[in-house]
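Me: I have a model open and want the reasoning behind its labels. Take me through them one at a time.

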Amino acid sequence: MTPATGMSSDPSNIRSKARSPRSRPPAPVVAAAVVISLATLIPLGFVIIMTAATGWDTAVKLIFRPRVGELLFNTVGLVLATIPLCIVIGVAAAWLVERTQLPGARFWSLVLAAPLAVPAFVNSYAWVSTIPSLGGIAGGTLVSVLSYYPLVYIPAAAALRRMDPALEQSAASLGLDRWRAFFRVILPQLWLPITGGSLLVGLHLLAEFGAFSMIRFNTFTTAIMEQYQSTFNGVAANMLASVLVLLCLVMLLFESRIRGNARYARIGSGVASRPPILPLGRYRPVAVVGVLGLAALALGVPLGNVVRWLVAGGADIWDLPEIARTLAQTLAFGLAGALLTVLLAFPIAWLAVRYPSWFTKLLEGTNYITSSLPGIVVALAFVTVAVGYLRPLYQTVPLVIAAYVLLFLPRALVNLRAGLAQAPRELEEAAQSLGNPPLKTFLRVTLRLTAPAAAGGAALVFLGIANELTATLLLAPTGVNTLATRFWSLSSEIDYGGAAPYALILILLSLPMTYLLYTQSQKAAGQ
């Protein structure tokens, strides 16, 4: 390829300049990633120290018992049932919305992402209100799939929207029909969003408490919460948490193994043309009924039950001063936590994509461990550290924000990793070969290319913070409530009418965030 104007005409000089940034990552970035990763290990260190203090004999007795076997069966069974269904539903919905002549595709693209704003515990209670006998793995899978399939749908839809159609054109020229082209060409290009989204789904399943508690389905998380609520069973809870950490490590290693190091960025002359929109033909009614049914199950059921609570409660349940105060506190927590989380995720994601190695995979993996732990474990670890070493931080807003960062860093990491993977690193190398320092290259090239992914990650973190329950209950200063904790408090007192306004506002918060996710993914595709 001919050197660009203004570049050195010596090819070896160009190669050396282009290669040097990739061979050795900047020391400040590595240092920042290491510090952040070490901080995320605080809850894990808490579990390890408490486990070691228990003693080997006691630990063996508490881990190898029938109760743990039952919890292991329920948790693993839930993961194995939920993740494949989320992949199938998420990819199918993304393909219908982005690549077919589905009527009202823009509308459906927003609606199918909106269930992220419905807290899983609100969704669970809505289904229990509809089917009082709901429970077991079937009930847990139903609630989990309807709550978490958007974690696969959103990145898959974004990848389909910006995928280079030349790949499909080449497949067609080789005689592949649409179905074979989908499985042999399109689906492999979705591997990164599928594996990343599936990892997030799995981590959510390992950490979820409220949804499974409401349908009386026992997992490690619900059992740990029950044990921690009993002051004399703290040792048993620590042992259960240690098993949960092992499950997370297995999941992380498996995802890292199957993800691979394939390249997904496109660089070359011209721009990629718009992907083809396929006619549905006689399958058009089936597709419409499918997305309509999915929206009805994921949004219609919770919204319908919230409306029923509102009607039953009347005007008396609208305590406007309390609602306004709670909403303001939720927005403040969400915005501060989302911005800080995305900022701290950048060094780790950049190293993982631009300098892949066992070390960067280790740094990346440590940041997923905390999110697999229940919020109650993270909160108790922070309480222990604050009381023992940082007393002024105990029951303060900064401590709550720090817990949010640790809990939701993977949401930002997955989005940033996908965005960086599709931002050609050759552009960064070209900018540096022209004399731009690394920081200027990052601000002018990398940051602009990954802005849509960063905005999407921030939106996901914001929604996670707004819906977070257990850590907020334990860490928030006295008198500080979020919409989620206020809803849980009222519903726990059997005041379902009083809890309805908070559930409704939580759901309505999805509208601007969903719109942000949609518009940013459009920008990523150049539309």
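Me: How much area does the protein expose, and what share of it do carbon and sulfur atoms supply?
Reply: This is a predicted model. The protein exposes about 23400 Å². Carbon and sulfur atoms supply 68% of that area.

Me: What share of the residues is buried?
Reply: Of the 527 residues, 54% are buried. The label requires under 20% relative accessible area.

Me: How many helices and how many strands are there?
Reply: The protein has 26 helices and 0 strands.

Me: Among contacts between residues at least 6 apart in sequence, what share joins residues at least 24 apart?
Reply: That share is 84%.

Me: Which residues touch the most other members of the largest nonpolar core?
Reply: Tyr153 and Ile224 do, in a core of 157 residues. Helix H20, residues 397-421, gives the most to this core, with 17 residues. The core also draws on two domains, with at least three residues from each. Domain 1 is 43-264 + 281-288, and domain 2 is 318-527.

Me: What makes a residue a member of such a core?
Reply: A member is a buried residue of a listed nonpolar type, joined to others through side-chain atoms within 4.5 Å. Tyr153 and Ile224 belong to the core.

Me: Which residues does Ile224 touch, leaving out those up to four places away in sequence?
Reply: Ile224 touches Ala237, Leu240, Ala241 and Leu244. Pro374, Ile376 and Val377 complete the list.

Me: Why is helix H24 called largely enclosed?
Reply: Helix H24 spans residues 483-492, and 7 of its 10 residues are buried, so the rest of the structure largely encloses it. The buried ones are Leu483, Ala484, Thr485, Phe487, Trp488, Leu490 and Ser491. Ile494 follows H24 and has a positive phi, near 65 degrees.

Me: How do you know that Arg67 and Glu70 form a salt bridge?
Reply: Their side chains meet at 3.6 Å, N to O. The cut-off is 4 Å, so the pair qualifies.

Me: Why are Arg67 and Glu70 separated by about one helical turn?
Reply: Because they are 3 residues apart in helix H5. Arg67 has a relative accessible area of 26%, so it counts as partly exposed. Glu70 has 37%, so it is also partly exposed.

Me: What makes Arg325 and Glu322 a salt bridge?
Reply: Their closest N and O atoms are 2.4 Å apart. The rule asks for within 4 Å, so this pair qualifies. The two are 3 residues apart in helix H17, residues 320-354, which means a separation of about one helical turn. By this rule the count comes to 2 salt bridges.

Me: Why do Arg325 and Glu322 get separate burial labels?
Reply: Glu322 has 14% relative accessibility, so it counts as buried. Arg325 has a relative accessible area of 43%, so it is partly exposed. The buried label needs under 20%.

Me: Which residues make the nonpolar surface patch of about 240 Å²?
Reply: Leu72, Val76 and Leu80 make it. Leu72 sits in helix H5, residues 66-99.

Me: Why is Leu72 called partly exposed?
Reply: Its relative accessibility is 35%, so Leu72 gets that label. Patch members need over 30% relative accessible area.

Me: What is notable about phi of Arg216?
Reply: Phi of Arg216 is near 55 degrees, a positive value in a residue other than glycine. Arg216 lies in the loop between helix H13 (210-214) and helix H14 (220-229). Its relative accessible area is 58%, so Arg216 is exposed.

Me: Where is Gln395, and what is the value of its phi?
Reply: Gln395 is in the loop between helix H19 (375-388) and H20. Its phi is near 55 degrees, positive in a residue other than glycine. At 32% relative accessible area, Gln395 is therefore partly exposed.

Me: Why is Ala312 called exposed?
Reply: Ala312 has a relative accessible area of 69%, so it earns the label. The threshold is over 50%. Ala312 belongs to helix H16, residues 284-313.

Me: How far apart are Ala312 and Gly498 in sequence and in space?
Reply: They are 186 residues apart in sequence. In space they are 9.9 Å apart, C-alpha to C-alpha.

Terms used:
Residues are numbered from 1 along each chain as its sequence is written. This is a predicted model: local features need pLDDT of at least 70, side-chain atom pairs count only at pLDDT 80 or more; totals for chains, interfaces and linings use all residues. Side-chain values use heavy atoms; hydrogens and water are left out. Patches are made of residues with over 30% relative accessible area and no salt bridge: like charges are joined within 9 Å, nonpolar side chains (Val, Leu, Ile, Met, Phe, Trp, Tyr) within 5 Å. Accessible areas come from the Shrake-Rupley method with a 1.4 Å probe; for residues, only the protein chains shown count as cover. Helices (H or I, at least four residues) and strands (E, at least two) are DSSP runs, numbered from the N terminus. Buried means under 20% relative accessible area, exposed over 50%, partly exposed in between (1.4 Å probe, protein chains only). Domain bounds come from an automatic or database domain assignment. Contact means heavy atoms within 4.5 Å.
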